[in-house]
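Trainee: I have a structure in front of me that is new to me, and I would like to learn how to read its features one by one. Could you guide me through it?

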Amino acid sequence: MMLQSQLLANFVQFDATDHMLMLNSAADPLVTLARQRLTTGTLLLAEDNVATLGALESDSSSAVVVDHTAFHDYILHHPGETIHVAAMNLLYQPGNVWMLYALRIAAYALKPGGRLYVVGAKDRGILTVAKRLQELFGNVETLTIQKGHRVLCATKQGAFPLTAFPDTALRIFADSKLDEGTQLLLSALTVQSSDRCLDIGCGAGYIGLHMAKLAVQGHVTMVDASLAAVDASQQAVTQANLTNVQVLPSDGAQAVLDQQFDLVATNPPFHQGGIQTLEIAQRFIRQAAQILMPSGRLYLVANRFLKYEPTLQTHFQHIQEVAGNTRYKVLLATKPLTKK
């Protein structure tokens, strides 16, 4: 993973006056290099993850102004043919739909003669990207292959009409279905009418919407680090005509750590940068214990092989499995131990 992360910084060519666009890859070391080398140029981060953006904003060492925008609807809000160099690291793309949308952004945003660089491994879809680059730009060059990772470069040779981009926004939740784990969680979830509820990592909003329909005298807050998820959840809230819900971008529960809740529910992700991790859920658990009332409840659904019980036992007095099958388990934690 570290090799792949360094390759863009090693191979991307740009001038100090260039306008550069990073495609949902703000965590790549190329961003640090660009901040050091750009002078009168600009650096625009089309990024989905607010946690990544927050980490960059805390670094004031940049010589160039760094701007950022939501990745999922870049084409809707930015003019075309303004960018000299665009770059994407497949490590940070959650799936194929993300990387293919990034290629459309690049085709739209690059000036004629502008270059798109992509780095990735075979198991992350780099060969598919190479094929799509050839189809879209009419050219693609492999700059290097190192330990299975490739750096590709394609040059935009002419203008693309806007009609070439019918999908102007990333549609990742439009046709999504309720997954088995979330279904299990909703079946086990007990919501009181006056509960103040929090859905951490809300995704498309299924858990938060379910709680909002039951907590008719209470309130529901939905948070996610993904700007696309926040947008999708907000649209779902509007369509459901719910008035007791707010949706916020947040790195975990960071945006609401000064509040208290009766109920927290989550179906936490367990992959980051293509690597399986317990850290995200462990952070959600710690934050839940911090913001729950003494009588508050945390419901968490997880794949059965994921061992979240030790962290739950560190932060809560009582832990029990309230629903489950061979693949998933729903854990209920009560009486938070974290000092207020």
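Mentor: Let us begin with a term that we shall need throughout: a residue is called buried when its relative accessible area is under 20%, exposed when that area is over 50%, and partly exposed in between. Please also keep in mind that this is a predicted model.

Trainee: With that term in hand, is Ser25 buried or exposed?

Mentor: Ser25 has a relative accessibility of 0%, and because the limit for a buried residue is 20%, Ser25 counts as buried. Its place is the loop between β1 (19-23) and α2.

Trainee: Which residues does Ser25 touch, leaving aside its neighbours within four places in sequence?

Mentor: Contact here means heavy atoms within 4.5 Å, and by that criterion Ser25 is in contact with Val31, Glu47, Ala87, Met88, Asn89, Tyr92 and Gln93. With Asn89 there is also a polar pairing, since a polar atom of the Ser25 side chain lies 2.8 Å from the backbone nitrogen of Asn89.

Trainee: Before we go on to other residues, how should I describe the chain as a whole, and how many helices and strands are there?

Mentor: The protein chain has eleven helices and 16 strands. Its radius of gyration is 22 Å, close to the 20 Å that the globule rule gives for 340 residues, so the chain is as compact as a globular protein of that length. Along the principal axes, the C-alpha atoms fill a box of roughly 60 × 40 × 40 Å.

Trainee: What percentage of the residues is buried, and what percentage of the contacts joins residues at least 24 apart?

Mentor: Of the 340 residues in the protein chain, 51% are buried. As for contacts, we consider those between residues at least 6 apart in sequence, and 68% of them join residues at least 24 apart. The chain exposes about 15,200 Å², and carbon and sulfur atoms supply 50% of that area.

Trainee: And how many charged side chains, positive and negative, are there?

Mentor: There are 26 positive and 27 negative side chains, and the centres of the two sets lie 6 Å apart.

Trainee: Let me turn to helices: which residues of α2 are buried?

Mentor: For a helix, one can list the buried residues and then look at how the helix begins. In α2, which spans residues 29-37, the buried residues are Leu30, Val31, Leu33, Ala34 and Arg35. At the start of α2, a side-chain oxygen of Asp28 comes to within 2.8 Å of the backbone nitrogen of Leu30.

Trainee: Which residue caps the N-terminal end of α7?

Mentor: That residue is Asp179, with a side-chain oxygen 3.1 Å from the backbone nitrogen of Gly181. Gly181 is itself among the buried residues of α7, together with Thr182, Leu184, Leu185, Leu186 and Ala188. The cover over the buried residues of α7 includes α8, β11, β14 (292-303), β15 (316-324) and β16.

Trainee: Since α8 appears there, which of its residues are buried, and what covers them?

Mentor: Helix α8, residues 206-214, has Ile207, Gly208, Leu209, Met211 and Ala212 buried. Their cover includes α7 (180-188), β8 (196-200), β9 (219-224), α9 (227-239), β10 (245-249) and β11 (261-266).

Trainee: How far apart in space are Ile285 and Thr311?

Mentor: Here we set the separation along the sequence beside the distance in space: Ile285 and Thr311 are 26 residues apart in sequence, and their C-alpha atoms are 7.3 Å apart. Ile285 lies in helix α10 (residues 279-291) and is buried, at 0% relative accessibility. Beyond the neighbours within four places in sequence, Ile285 is in contact with Leu298, Leu300, Tyr308, Thr311, Leu312, His315 and Phe316.

Trainee: Finally, where does Lys147 lie, and what is its phi?

Mentor: Phi is a backbone angle whose sign we can read, and Lys147 has a positive phi of about 50° although it is not a glycine. Lys147 lies in the loop between β6 (141-146) and β7 (149-155), and it is exposed, with a relative accessible area of 78%. Lys335 likewise has a positive phi, near 55°, but its place is in strand β16 (residues 328-336), and at 40% relative accessibility Lys335 counts as partly exposed.

Terms used: Residues numbered from 1 in each chain as written. Predicted model: local features only at pLDDT ≥ 70, side-chain atom pairs only at ≥ 80, totals over all residues. Heavy atoms only, no water. Helix = DSSP H or I, 4+ residues; strand = E, 2+ residues; numbered from the N terminus. Rg over C-alpha atoms; globule rule 2.2 N^0.38 Å. Buried < 20%, exposed > 50% of the residue type's maximum accessible area, 1.4 Å probe, protein only. Areas by Shrake-Rupley, 256 points an atom, 1.4 Å probe, with all protein chains shown as cover. Lys, Arg positive; Asp, Glu negative; His and termini not counted. Charge placed at Lys NZ, Arg CZ, Asp CG, Glu CD. Polar contact = N/O pair within 3.5 Å; in protein donor to acceptor, adjacent residues only side chain to side chain.
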